[in-house]
Amino acid sequence: MTSSSSSSSLFVITFLLFSPLCFSRESPSQIPDGTLNLSLLWYGQFSPVQKERVRDFIESLNFDAKEGLDPKVSAWWKVVESYQERYEVKEIYRQKSSRTVAPRIKVKVVRSYVDEKMKFGKELTIDNGEKLVETAVGNMSKVVPVVLLASQVRAHSLGFCNATCQEYGLTIKSNIKGQKKQPYVMVSDPEVQCPGECAWPFHMANRGPHGMTYQPPSGETGADALIIQLATGLADVATNPAITESLFKSELPYSTDGNHNSSTYIVDPATKCYRVFGSGAFPGFTGRIRVDPLTGGAFNSHGINHLKFLIPSIWDPKTKSCYTPM
């Protein structure tokens, strides 16, 4: 297993099934929209709230309805989508305008599999981590496995609980047709194993300024801490050119001068904004967020059905700063 993360190794995610290029003469160049098909593997025992929150969050990534409350989770996801503007389309598709319109990345759960008995044990290693990825893929093609680890599972040997409880990468399998690279993402519920590392601000931080702690918007620390880690992993993998380059084989990257300076597009943009949840953040302070007066839950964005989420900030290549919903 090889890793494409800047930290220790293991997870991933990718988008596929791009439609044919098609542009009108007046329109700017546009990379075609894509669909990110996810296959979820719930490894261990999760609460109903945890499962519901993950599904609702994923569905909220593309929720743009005008009647929804602002700021939206989908606005955050648009920053992720904007990273594709670093690519140029084929010369034959370029028009008078060299501006590239970022495509939508539609996210869809196509499979959900539960292993409450934890077939490969409670102590994860690289070897059984690969087996979990294979299990999540099953016999499906063109899916990205997302392995979710319950609080009973220890994944320290994979680098979890060391400032993060998520990772992304590629598994590489060799067969008669050559090598097959399988991106995947793995995320853990840190509530029991290392809440001080991965569940802040719903739990007191175990290092640095402790700052204030808040109630999770769902009422369950394990559910909303899981969302923070999942959001970080999704954003980092979907913006990593080492993972996504296969999606743009026929396209050239922009030159590294002008508005597309290489320092503008960074690797792991959500990790770059570690523990930043709102504007004005500093160590021990989340930044500007809101607190629901009815539940006491802290949040910075809205999703489907007026649900509230606290999601991490992400490096915005246009402003060259951490994008915060608030």
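These exercises work through a predicted model of a single protein.

## Exercise 1: Confidence

Task: Establish how confident the prediction is, and find stretches where the pLDDT falls below 50.

Solution.
- Step 1. Start with the average. The protein has a mean pLDDT of 80. A score of at least 70 is reached by 76% of the residues.
- Step 2. Look for weak stretches. Residues 89-97 stay under 50. Residues 246-262 are also below 50.
- Step 3. Check what these stretches touch in the model. Residues 89-97 have 20 contacts beyond four places in sequence. For residues 246-262, the model has 31 contacts beyond near neighbours in sequence.

## Exercise 2: Overall build

Task: Describe the secondary structure, burial and contact range of the protein.

Solution.
- Step 1. Count the elements. The protein has seven helices and 14 strands.
- Step 2. Turn to burial. Of the 326 residues, 54% are buried.
- Step 3. Sort the contacts by separation. Take those with a separation of 6 or more: 73% of them join residues 24 or more positions apart.
- Step 4. Add the surface. About 14700 Å² is exposed, and carbon and sulfur atoms supply 52% of that area.

## Exercise 3: Disulfide pattern

Task: Find how many disulfides the structure holds and how they pair.

Solution.
- Step 1. The structure has three disulfides.
- Step 2. Identify the partners. Cys 161 bonds to Cys 194. Cys 165 bonds to Cys 198. Cys 273 bonds to Cys 322.
- Step 3. Number the bonded cysteines along the chain. The pattern reads 1-3, 2-4, 5-6.

## Exercise 4: The disulfides of Cys 161 and Cys 165

Task: For the pairs Cys 161-Cys 194 and Cys 165-Cys 198, give the sulfur separation, handedness, location and burial.

Solution.
- Step 1. Take Cys 161 and Cys 194. Their sulfur atoms are 2.0 Å apart. The S-S torsion is about -70 degrees, so this disulfide is left-handed.
- Step 2. Place both ends. Cys 161 is in the loop between strand E6 (144-149) and strand E7 (166-175), and Cys 194 is in the loop between strand E8 (178-188) and helix H4 (195-198), so the bond ties together parts 33 residues apart in sequence. Cys 161 and Cys 194 are both buried.
- Step 3. Take Cys 165 and Cys 198. Their sulfur atoms lie 2.3 Å apart. Here the torsion is about 85 degrees, so the disulfide is right-handed.
- Step 4. Place these ends too. Cys 165 sits in the loop between E6 and E7 and Cys 198 in helix H4, so parts 33 residues apart in sequence are tied together. Cys 165 and Cys 198 are both buried.

## Exercise 5: The disulfide of Cys 273

Task: Characterise the bond between Cys 273 and Cys 322, and decide whether each end is buried or partly exposed.

Solution.
- Step 1. The sulfur atoms of Cys 273 and Cys 322 are 2.1 Å apart. A torsion of about -100 degrees is found, so the disulfide is left-handed.
- Step 2. The bond links distant parts of the chain, 49 residues apart. Cys 273 is in the loop between helix H7 (269-272) and strand E9 (290-291), while Cys 322 is in strand E14 (residues 321-323).
- Step 3. Apply the cut-off: buried means under 20% relative accessible area. Cys 273 has 1% relative accessibility, so Cys 273 is buried. Cys 322 has 27%, so Cys 322 is partly exposed.

## Exercise 6: Aromatic rings

Task: Survey the aromatic pairs, then find charges that sit over rings.

Solution.
- Step 1. The whole structure contains seven aromatic pairs. One of them joins Trp 42 and Phe 46.
- Step 2. Classify that pair. The ring centres are 5.0 Å apart and the planes make 75 degrees, an edge-to-face arrangement. Trp 42 and Phe 46 are both buried.
- Step 3. Look for a cluster. Phe 57, Trp 76, Trp 77 and Phe 309 form one.
- Step 4. Find the charges. The charged end of Lys 272 sits over the ring of Trp 315, 5.3 Å from its centre. Lys 308 lies over the face of Phe 299, 5.5 Å from the ring centre.

## Exercise 7: Surroundings of Trp 77

Task: Locate Trp 77 and list its contacts beyond four places in sequence.

Solution.
- Step 1. Trp 77 is in helix H2 (residues 73-82). Its relative accessibility is 0%, so Trp 77 is buried.
- Step 2. The contacts of Trp 77 beyond four places in sequence are Leu 61, Asn 62, Ile 105, Val 107, Leu 234 and Ala 238.
- Step 3. Check a C-alpha separation. Trp 77 and Ala 235 are 158 residues apart along the chain, yet their C-alpha atoms are separated by 7.8 Å.

Notes:
Residues numbered from 1 in each chain as written. Predicted model: local features only at pLDDT ≥ 70, side-chain atom pairs only at ≥ 80, totals over all residues. Heavy atoms only, no water. pLDDT = per-residue confidence, 0-100. Contact = heavy atoms within 4.5 Å. Disulfide = S-S within 2.5 Å. Helix = DSSP H or I, 4+ residues; strand = E, 2+ residues; numbered from the N terminus. Buried < 20%, exposed > 50% of the residue type's maximum accessible area, 1.4 Å probe, protein only. Areas by Shrake-Rupley, 256 points an atom, 1.4 Å probe, with all protein chains shown as cover. Phe/Tyr/Trp six-rings, centres within 6.5 Å; stacked < 30°, edge-to-face > 60°. Lys NZ or Arg CZ within 6 Å of the ring centre and 35° of its normal.
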